[in-house]
Amino acid sequence: MEKTFVLSNDSQEDTSDLNVEGITSHSRLSSEKTSITCTDLEKQCTKEKLISVAIDDDDDFYFTSRKSVSLAWKNLSYTITNSRNKKEDKIIQCMSGIVNPGEFLAILGPSGSGKTTLLDLLSGRKDPKLVSGEVLLNGRHGNIKYVSKYVMQDDQMIGVLTVRENIEYAAEFCLPTSYSAAQKMKRVNDIIQEFGLERVANSKIGNVFVRGVSGGEKRRASIASQVITLPSMIFLDEPTTGLDSAASYNVMKAIVGMARKYKLTIIASIHQPSTETYSLFDKVAFIVRGRTAYIGSREGAIPHFNELGYKCPPYSNPADYILSLINSDFITDKSQAQTYLTKFIDGFEISSTNLELGEKISQLIEFHQSDHDTREISSETNKRYARSFFAQTHIIMRRAFINALRNVLMFWTRVILYSTLGLMMGSLWWNIGYEQEQVLERLASLYFTIAFLTFMSIAAIPGFLEERAVFERERFNGFYSVGPYVLSTSLVCIPFLSLITICFTFTVYPTISYNHDFYRALDYVIIIFLVLMISEALVVFIAAIIPEFVAALGITSFVNGFFMIFAGFLKLYKNLPTAWKWANYINYQKYAFEAIISNDLNGLTFKCETLDLAVIDPSGSLSLLVGNNNYYHCNFGDKSGRSESFSGSDILKDLKWDDIIYWRWVLILVGYVIAYRLAFYVLLRIRRLHI
């Protein structure tokens, strides 16, 4: 039944059936705080709950600590300095507007008109030093990032996870710990249903190797995973781009329905909506070259342009008609194009719609200035993240581990590559002996081991770039911070790199027949593992700097090639030009190579080449071979000819590697792992300024 109710400051419960904004349900009303917000173009004001509206008993946790927020902006401008001519370019000029809870505003305009820039300004993604004007939350200044989510244009998700799994992890990141597992699961199921994803809930998103859901389904899953907490405000950057008209309509229908059901304030930049999609919008903003051609109700757009002398033909798509009307890209005369566009800009400035807009913004500011609640919207959230540092780390680790298990690009390709090359190395240097002429082959095999392990680390780039794109989106939307991400990814790689180490060692060590001492073999494993850890850390650091695959591949290959040259095998340190000696000192491959040869050679004995001493008869006509007085030619160690062998330590001494201290070199390698990971962390922290 319908029931009229009055909100007060006293807590009370009412279990009657209510109808609020057309939603009838068995509900509980807890009145803690009220506010007045203007709701539509007819200047209607509604008294509504700040923390909960009429909702199901089982669903009221959705609205805990969430306010409905009106967004208004006044005389908003964005100016940058042209790097070529040093002149100021006004990207956005003197824009104003207002969007209230439950409303959907679509920003439309020709390419290059400033749609995404305006969206970024409203969402707080631009440098405030370049911005003038005001952006107000419920009539006041505040940090919009604390009450909003920004859905990027790219659908970056973990491809090997299912639709449900992606949304479940989003719920774990964003929903507070006060929510029970049952409540979280219900929220996941509800948003899957609201976005029409029940049929594909258990299907994988898809990637290069895994066939996944369709483009429209992926877009809906991406949006659902980012708005699962029902933030007061949502910004979407062209959510329908790349989709057909049917998929676009379904995506927008789900978003608009969510806005109206949960009283969310939603703003989106839209590219060429169909007639059906356009009919879903509550408000539209047509912008051209950073200026407003119209902003107001969708129904008022056609009458406004009719007043300017441009009548939309019958049965035409209003959006297509207006967009073609305000597009001056094909007017070759620049002054003529500017004059043409000025008619629309000036026409809106003097219109009654613009005058009413100014009045509504002023009324909103005046009302909230007289409100007893003086707190800023954003100040109510003391914590940027819903989960603690260690909780974030644990969740990321679980997801990253599953991703690594299922995604062949992450580690499994390298397991196959390293094992295959290990077998090839074993067949090439099969059971290498202890003869003098085999010393160089032994050193070559050890050098190739280090060089190959480091160079093939580029195989980690594709998997990391996919993961990095997801990280940037989730980090911006407050899922987790940089620290837990870096820590968890550093820890998750350990078991997989350990597996690679074991597979490679078991295919190489016994077949080549390195030092048979058990502890030497164990030390070999440690070095291989540390080399893989350093290579992994270096790759993610470079890929974080250069997120383009081809560029990251090229730079990583160059860096590894540089280190290979100065590792100390192709050119001994003692023979390096003075100007290049620094490259040997900073080279982690040098320490890995020296540690691995020191570990293998120490304790080994090699045979010198035997030469029989020839004695010449005094007559000069006969040479007698005296077999009991053999002469030995040794390349290392004692070169007097009397020693029949030399030790591995003799090799190290002659090649100026006798200063190697194994465990000190191991600690240096550990230092490189930590240094590259810290550099990765610092880089991501710095890049926060540019998000």
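Which strands does helix α1 lie across, and at what angle does α1 run to β5? Helix α1 (residues 115-122) lies across β5, β6 and β8, at about 115° to β5. Contact here means heavy atoms within 4.5 Å. Axes are lines fitted to C-alpha atoms, for helices over the stretch in contact, and angles run from 0 to 180 degrees between N-to-C directions. Helices (H or I, at least four residues) and strands (E, at least two) are DSSP runs numbered from the N terminus.

This is a predicted model, in which local features need pLDDT of at least 70 and side-chain atom pairs count only at pLDDT 80 or more, while totals for chains, interfaces and linings use all residues. Residues are numbered from 1 along each chain as its sequence is written, and side-chain values use heavy atoms, with hydrogens and water left out.

**The sheet and its helix**

The sheet under discussion is open and has three strands, in the order β6-β5-β8, with antiparallel pairing. Two strands pair if DSSP finds at least two bridges between them. β6 (88-99) and β8 (131-137) stand at the edges with a single partner strand each, so one side of each has no neighbour in the sheet. From one strand to the next, the twist averages 15°.

Strand β5 (residues 71-81) pairs with β6 over eight bridges, in the antiparallel sense. T79 has K90 in β6 as its bridge partner. I80 has D89 in β6. The two strands β5 and β6 form a hairpin with six residues between them. K86, in the turn, has a positive phi of about 60°.

Is α1 enclosed or open? Seven of the eight residues of α1 are buried, so the helix is largely enclosed by the rest of the structure. Buried means under 20% relative accessible area, exposed over 50%, and partly exposed in between (1.4 Å probe, protein chains only). The buried residues of α1 are K115, T117, L118, L119, D120, L121 and L122. D120 also belongs to a network of salt bridges with R125 and K126. G124, just after α1, takes a positive phi of about 80°.

**Nonpolar cores**

A nonpolar core is a set of buried Ala, Val, Leu, Ile, Met, Phe, Trp, Tyr and Cys residues joined through side-chain atoms within 4.5 Å. The largest has 124 residues. W73, F195, I267 and F286 have the most contacts inside it. Helix α5 (residues 245-262) gives the most to this core, with nine residues. Apart from it lies another core, of 76 residues, among them I450, V531, V559 and I596.

I267 has a long contact list. Not counting residues up to four places away in sequence, I267 touches L71, W73, V99, L105, I107, L119, L122, I234, F235 and L236.

**Salt bridges**

Side chains of opposite charge can pair when their charged atoms come close. A salt bridge is a side-chain nitrogen of Lys or Arg within 4 Å of a carboxyl oxygen of Asp or Glu. By this rule the count comes to 17. Three pairs are listed here.

| Pair | N to O distance | Separation in sequence |
|---|---|---|
| K283 and E103 | 3.1 Å | 180 residues |
| R406 and E165 | 2.9 Å | 241 residues |
| R398 and E172 | 2.7 Å | 226 residues |

K283 lies in strand β12 (residues 283-288), and E103 in the loop between β6 and β7 (104-108). Both K283 and E103 are buried.

R406 sits in helix α11 (residues 389-406), and E165 in helix α2 (residues 163-174). R406 counts as partly exposed, at 32% relative accessibility. E165 counts as buried, at 18%.

R398 lies in helix α11 and E172 in helix α2, so this pair too ties together distant parts of the sequence, 226 residues apart. R398 is partly exposed, with a relative accessible area of 31%. E172 is partly exposed as well, with 21%.

**A buried charge without a partner**

Which side chain of opposite charge is nearest to E467? R399 is, 6.9 Å away. E467 is buried yet has no salt bridge. Lys and Arg count as positive and Asp and Glu as negative, while His and the chain ends are not counted. E467 lies in helix α14 (residues 461-476). Leaving aside neighbours within four places in sequence, E467 is in contact with A400, N403, M410, Y485 and T489.
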